[in-house]
There are 2 protein chains.
Amino acid sequence: MIIALASDHAGVGLKDQLRDWLREAGNEVLDLGTNGIESVDYPRFGKLLGETIAAGKATRGIAVCGSGIGISIAVNRNPACRCALVNEPLSAALAREHNDANVLALGARLTGIDLAKACVTAFLDTPFAGGRHAARVDLLSAPTGD
Amino acid sequence: MIIALASDHAGVGLKDQLRDWLREAGNEVLDLGTNGIESVDYPRFGKLLGETIAAGKATRGIAVCGSGIGISIAVNRNPACRCALVNEPLSAALAREHNDANVLALGARLTGIDLAKACVTAFLDTPFAGGRHAARVDLLSAPTGD
């Protein structure tokens with residue numbers, strides 16, 4: 001499993017901390033930037049993460065901006081992505097169980113590092129439940145949603 | 001301002017409570033369903049809400065499912081929507097200030113009625129800040145994201 005991370009300038013601190021923590025735990029991590037505190041546009045980094053998932057260059061993604069809201073919208077523009085904005089681990093687990101989420105969005109100005117790590121752990125460790133949820137997940141990626 | 005509401009069966013209780021509360025406060029509300037506890041697919045109701053916003057039949061939307069995650073993904077497939085999944089009012093206010101969010105997503109199994117009402121109040125009452133945020137919001141709805 002390759003995990004891609006992307007953030008804007010507001011999220012770069014949390015993104016870098018998660019990247020280092022994931023690497024130290026032996027995960028293969030792709031850091032898509034941003035790399036520094038210079039102001040950048042979260043839609044561009046959300047789009048890049050979406051394209052990375054869609055191309056199969058990573059199987060999971062983590063997206064960070066100040067609130068997590070803007071970059072979660074940007075990632076979900078890509079029908080290959082199911083991005084869940086969370087601020088606690090139960091939602092991260094439900095996103096996997098019910099929605100087969102492949103991207104987690106976090107708000108660096110709202111969620112502290114230890115809670116963010118607990119969200120990421122739930123996101124990485126929880127399997128998709130399948131069953132009745134599978135047809136709904138398929139609908140999320142259907143071109144017309146029908 | 002017309003406010004459209006949509007939910008799946010897991011969200012219908014909270015959706016109906018918010019609908020009645022919004023109507024009692026004098027708001028014009030469009031209830032897109034579901035109407036009952038029979039199992040339905042959240043992507044279909046998210047898609048319907050997205051199309052309602054895109055067609056200008058409502059200017060704001062509220063989307064509810066069990067966790068809020070699935071329906072928020074479905075709504076954000078529509079480039080006319082900027083859907084923010086929240087569970088507290090600060091995020092709802094930031095979604096308006098920074099992202100000009102036009103749809104709020106809530107998780108009925110995670111967020112209680114009074115906290116949900118506080119989120120909706122922040123969502124309805126907070127203006128978009130514009131300025132540096134405007135170009136980023138435009139990027140969220142650009143066909144290619146460039």
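Here is a short walk through one helix and two cysteines in this structure.

Before we start, keep in mind that this is a predicted model. The predictor sounds confident about chain A: its mean pLDDT is 96, and 97% of its residues reach 70 or more. For the complex, the predictor gives an ipTM of 0.96 and a pTM of 0.97.

Now find helix H1 of chain A, which runs over residues 12-24. Its 13 residues reach 18 Å from the first C-alpha to the last, close to the 18 Å you'd expect at 1.5 Å a residue. Which of its residues are buried? They are Val12(A), Leu14(A), Lys15(A), Leu18(A), Arg19(A) and Leu22(A). Look down the axis of H1(A) and you'll see these buried residues fall within an arc of 160°, so they line one face of the helix. It helps to remember that an α-helix has 3.6 residues a turn, so residues three or four places apart point the same way.

What do the buried residues of H1(A) pack against? In chain A, their partners are strands S1 (2-7), S2 (28-31), S3 (60-65) and S5 (103-107), along with helix H5 (113-125). Just after H1(A) comes Gly26(A), with a positive phi of about 95°.

Next, hop over to chain B for the cysteines. A disulfide is a covalent bond between the sulfur atoms of two cysteines. How many turn up in a search of the whole structure? The count is 0 over all chains. Take Cys81(B): its closest cysteine sulfur belongs to Cys83(B), and at 7.4 Å that is too far for a bond. Both residues are tucked away, since Cys81(B) is buried with a relative accessible area of 0%, and Cys83(B) is buried with 1%.

Methods: Residues are numbered from 1 along each chain as its sequence is written. Chains are lettered from A and ligands numbered from 1 in the order in which they are written. This is a predicted model: local features need pLDDT of at least 70, side-chain atom pairs count only at pLDDT 80 or more; totals for chains, interfaces and linings use all residues. Side-chain values use heavy atoms; hydrogens and water are left out. Helices (H or I, at least four residues) and strands (E, at least two) are DSSP runs, numbered from the N terminus. The expected span of a helix is 1.5 Å times one less than its number of residues. Buried means under 20% relative accessible area, exposed over 50%, partly exposed in between (1.4 Å probe, protein chains only). The arc is that of the directions from the helix axis to the C-beta atoms. Contact means heavy atoms within 4.5 Å. pLDDT is the predictor's confidence in each residue, from 0 to 100. A disulfide is a pair of cysteine sulfur atoms within 2.5 Å.
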